[in-house]
Amino acid sequence: MLKGKHIIVGITGGIAAYKTASLVRLFVKAGAEVQVIMTPNAREFITPVTLSTLSGKPVISEFFTANTGQWNSHVDLGLWADAMVVAPATASTIAKMATGVADNMLVTTYLSAKAPVFVAPAMDLDMMRHPSTVRNIELLRSYGNHIIEPAAGELASHLIGKGRMEEPENIFKVLDRFFEQAQDLSGKKVLITAGPTIERIDPVRFISNFSSGKMGFALARECACRGAQVTLVAGPVNLKVTHPSIERIDVESAVQMHDAVMSRFPDTDVAILCAAVADYRAKNIADKKIKREHTDVPTIELEKNPDIAKATGEAKRDGQITVGFALETDNEQVNAQEKLGKKNLDMIVLNSLRDPNAGFAVDTNKVTIIKRNGKVDEYDCKPKSEVAVDIVNEIVELFNNK
Ligand code: CTP
């Protein structure tokens with residue numbers, strides 16, 4: 001899938017730089033055209049001669065080629081690339097990419113690049129978990145960059161922990177798969193609900209839940225990257241959308257989410273109901289703040305919210321797919337299967353609250369996917385971005401078998 005692709009390989013000053021020679025070799029062997037850009041520090045770890053020999057092109061590391069005065073255009077490079085990979089990405093380069101400090105050719109090209117960007121961090125474990133690095137990596141993610149998580153193992157410092165650059169073969173596979181799957185949702189319209197809903201009680205209080213929206217947003221991004229036109233109906237969350245193929249509609253309550261979804265559902269190929277919708281709302285919303293000096297403790301009367309997943313399941317016509325989620329604490333598979341039937345879903349993604357790294361607020365998830373035909377697939381605990389890949393693969397399989 002990489003044949004003919006233009007790939008920029010950015011190398012920064014980390015000990016893992018020597019491994020990037022194999023990555024360049026793998027890309028070239030697969031038929032890709034590779035342009036290596038090195039930061040000045042990277043040259044302390046591996047020579048440009050090795051990389052220019054492997055890539056078949058002079059390595060770029062300065063704004064100007066010293067002996068000719070020729071200007072290396074970061075804009076042209078940014079437009080030329082089908083993908084940019086920064087491997088290894090040091091804490092310093094990640095920080096520069098996150099904040100736009102364009103003081104070398106690599107970061108300048110990054111800022112000009114229109115193509116998908118893959119970042120393979122490599123650093124010591126303490127640097128890796130410093131809040132500054134964590135925040136900068138999150139910023140890169142929010143720009144739509146793909147983070148290739150470092151592996152755990154023995155580091156250059158001889159400490160053991162997370163921070164070792166992912167092996168070149170695996171980085172290669174990530175890109176290969178990216179291009180292979182790149183457009184398998186092309187032409188499809190995807191509708192996704194995400195986050196919690198909030199149900200007002202009075203002007204300052206509400207009923208809600210701990211959903212962060214991360215899973216739904218990861219799904220929206222994955223679908224958009226694979227060619228879909230996505231409508232993301234989001235409850236109140238603290239997340240950003242950057243992909244141009246995602247239209248975001250912000251709502252607050254379950255009723256608003258229901259109305260936004262149902263008005264768009266007829267023109268949808270697949271609806272992914274990922275939101276943690278509040279099951280009940282206050283029957284009457286007080287127009288003034290409920291005061292503490294009440295004569296009695298107030299009772300809040302609740303009424304049922306619409307079930308959005310069920311409503312889409314009922315409205316579904318031939319060819320449309322609905323996917324639900326189930327967050328369960330016990331009898332997980334039985335309950336999930338029951339929801340699949342009751343809501344007329346084609347597939348349900350089960351999270352168990354018994355798994356410590358699954359569910360709300362955390363960045364990882366562990367899911368079991370149950371299809372209408374009874375097929376059950378259990379997945380390992382992974383970052384939500386990777387869980388999104390698994391879920392979308394299953395959805396593509398549903399389309400292929402329709
Ligand atoms: N769902 C929905 N609208 C609701 C409630 C749930 O669209 N009012 C969707 C969720 O987005 C999820 C699925 O239905 O895809 C299951 O949600 P869950 O809260 O697990 O199920 P409930 O039907 O609310 O059942 P319970 O809370 O009793 O487990």
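The ligand occupies the space of the second largest pocket. On a 1 Å grid over the protein atoms alone, a pocket is an open set of points where a 1.4 Å probe fits, with protein on both sides within 12 Å along at least five of seven lines; a molecule sits in a pocket if more than half of its atoms lie within 2 Å of its grid points. This is a predicted model, in which local features need pLDDT of at least 70 and side-chain atom pairs count only at pLDDT 80 or more, while totals for chains, interfaces and linings use all residues. Residues are numbered from 1 along each chain, and side-chain values use heavy atoms, without hydrogens and water.

**Residues around the ligand**
- The shell holds 14 residues, of which Leu 273, Ala 275, Phe 325, Lys 339 and Lys 343 come nearest (a residue is near if one of its heavy atoms lies within 4 Å).
- Nine shell residues are nonpolar, one is polar and four are charged; Lys counts as charged, and Leu, Ala and Phe count as nonpolar.
- Strand β16 (321-328) gives the largest share, four residues.

**Polar contacts** (pairs of N or O atoms within 3.5 Å)
- Oxygen atoms of the ligand lie 2.7 Å from a polar side-chain atom of Lys 339 and 2.6 Å from one of Lys 343.
- A polar backbone atom of Ile 308 is 3.0 Å from a nitrogen atom of the ligand.

**Thr 322**
- Thr 322 belongs to strand β16, strands being DSSP runs (E) of at least two residues.
- Thr 322 counts as buried because its relative accessibility is 0%, buried meaning under 20% relative accessible area with a 1.4 Å probe and protein chains only.

Note on methods
Polar contact = N/O pair within 3.5 Å; in protein donor to acceptor, adjacent residues only side chain to side chain. 1 Å grid on protein atoms, 1.4 Å probe; cavity = no way out; pocket = protein on both sides within 12 Å on 5 of 7 lines; lining within 4 Å. Buried < 20%, exposed > 50% of the residue type's maximum accessible area, 1.4 Å probe, protein only.
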